[in-house]
Amino acid sequence: EQFINEMQVKFRRAKADDGSSMQFSLIGDEYSSAMRETYRQLSSPCNKLIFGTQGLNILTGGGVEAERVYTLLGLPGEGKSTTLIDMAIEIKRYNKNYVCKDPTKKPCVVLFVMENSIKETIQRIFNMCVGVDMLNYTEDEAIEILKTQGQLHVSQDDPIDLRVIFKPNLSVDTSYLYTIVEDLEDEGYETICVLQDYLKRIRSVDGSFGGDLRLQLGAIINEFKIFATLKSIPVITASQLNRDATQHVDEGRAKNKADLVRLLGRSNVGESNLILENSDWIGLIAPEYDTDGNKYLGMQRVKSRYF
C-alpha cells in the first residue's frame, strides 16, 4: 500500500510537470497555439471564483484562481478557521453561474476540517449565516432557517453544494485530497475549490523529513500545488504566525492601536519560511475592535506570485 502511494505521488508530479510544459514563441505555430490556450484558460468561467466581500476580491486580484495555493496566516484562535468557513460560504453563494468542466457533474465546494469537528463547524456556519445560535430555535426551525434566512441551500438557480469533511489531526496525508475529490466525482459532483483547515493538521506524503517541521510544511504546500494543478482548482489553507507576531499584536492592542495587521510582515511567517516561498498567495490576518466595540478583521497581502 505504501509502495502504491509512493508511485501515485510520482505519477502525479510527472503529470503536473507535463501539463505545464507548454512553450511560447513569437514565431510560428507555437505563438498562436500558446496564445489561444492561455486565452481559453483565463476566460473560462471555471478559472476564477469570486467572493461577496469586495476587500477579498481586491486582495486576491479578482478572486481565487484555478491551480493556485492561497495561504492565510494568523495567530492561534484569532480567526483562521472562521475566515476559511466564510470563504467557503462566499464561494458557494457568489459563483452561481459557475460552469463545470464536466457538464454531467454538479459543482461543490469542499471544506476539509482537521481541527474543529463537524458539529462545531455546522454550528459556526449557522451562526455566521443566520446571526444567532441555532439553539434559539427548535430543531425543525433551525433546519428550515439555515436554508431560508441563512440563504444556504441548493437549487437550480443556486447549484453549488457545500461539503464539510472531517478527519482527525494528522490522520491523513495530502493524498487524501484526491480521495475526497474522486469519491465526489463518483457521486456526480465536481469539486471547484478545496479549503483545508489547517496546514499543521495534515501530513506530507513524503516521509523523508523526519522531525523537520520546516521542510514538512514546505512539502505540504508543494503537494497542494500539484493537486491544484492536476484538478485545475484553487486550494486555500491556513497556518500560524510566529511568536514575534504575537508580541507585535499584543503590544499594539495594549496601546489601542488600529490596523494591527500593518504591524506584521513576511518576517512573521510561522514555523517555515518555505510556506512563504511555495505559496502562490499569502495573506496575514488579525482581528481588532474599534472604539465602539465593533469587531473587524484586518488582512494584509504579503505575497502574490502572479500580479
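This passage walks through the overall build of the chain, one pair of strands, and two individual residues.

The structure described here is a predicted model. Its secondary structure amounts to 10 helices and nine strands. To get a feel for the overall dimensions, picture a box drawn along the principal axes: the C-alpha atoms fill one of roughly 65 × 45 × 45 Å. A compact globule of 307 residues would have a radius of gyration near 19 Å, and the 20 Å found for the chain agrees with that expectation. Of the 307 residues, 44% count as buried. Links between distant parts of the sequence also stand out: among contacts with a separation of 6 or more, 71% join residues 24 or more positions apart.

Turning to the outside, the chain has an accessible surface of about 16200 Å², and carbon and sulfur atoms contribute 49% of this area. The chain carries 36 positive and 44 negative charges, and the mean positions of the two sets lie 3 Å apart.

A good place to look at strand pairing is the stretch from residue 281 to residue 304. Here strand β8 (residues 281-289) runs antiparallel to strand β9 (residues 295-304), and nine bridges connect the pair. One of the bridge partnerships joins alanine 286 to glycine 298 in β9. The two strands form a hairpin, with five residues between β8 and β9. In the turn sits glycine 293, whose phi is positive, at about 85 degrees.

Two single residues help to bring the picture down to a local scale. Aspartate 158 belongs to the loop that links α6 (139-147) with β5 (161-166). Aspartate 158 counts as buried because its relative accessible area is 5%, below the cut-off of 20%. Beyond its neighbours within four places in sequence, aspartate 158 is in contact with Lys92, Lys96 and His153. Asparagine 95 is 63 residues away from aspartate 158 in sequence, yet their C-alpha atoms are 8.5 Å apart in space.

Asparagine 127, by comparison, is part of helix α5 (residues 118-130). Its relative accessibility is 29%, so asparagine 127 counts as partly exposed; this class covers values between the 20% limit for buried and the 50% limit for exposed. Once neighbours within four places in sequence are set aside, the contacts of asparagine 127 are Val132, Asp133 and Met134. Glycine 150 lies 23 residues from asparagine 127 along the chain, with 9.0 Å between their C-alpha atoms.

How values were computed
Residues are numbered from 1 along each chain as its sequence is written. This is a predicted model: local features need pLDDT of at least 70, side-chain atom pairs count only at pLDDT 80 or more; totals for chains, interfaces and linings use all residues. Side-chain values use heavy atoms; hydrogens and water are left out. Helices (H or I, at least four residues) and strands (E, at least two) are DSSP runs, numbered from the N terminus. The radius of gyration is taken over C-alpha atoms; the globule rule is 2.2 Å times the number of residues to the power 0.38. Buried means under 20% relative accessible area, exposed over 50%, partly exposed in between (1.4 Å probe, protein chains only). Contact means heavy atoms within 4.5 Å. Accessible areas come from the Shrake-Rupley method with a 1.4 Å probe; for residues, only the protein chains shown count as cover. Lys and Arg count as positive and Asp and Glu as negative; His and the chain ends are not counted. The place of a charge is taken as NZ of Lys, CZ of Arg, CG of Asp or CD of Glu. Two strands pair if DSSP finds at least two bridges between them.
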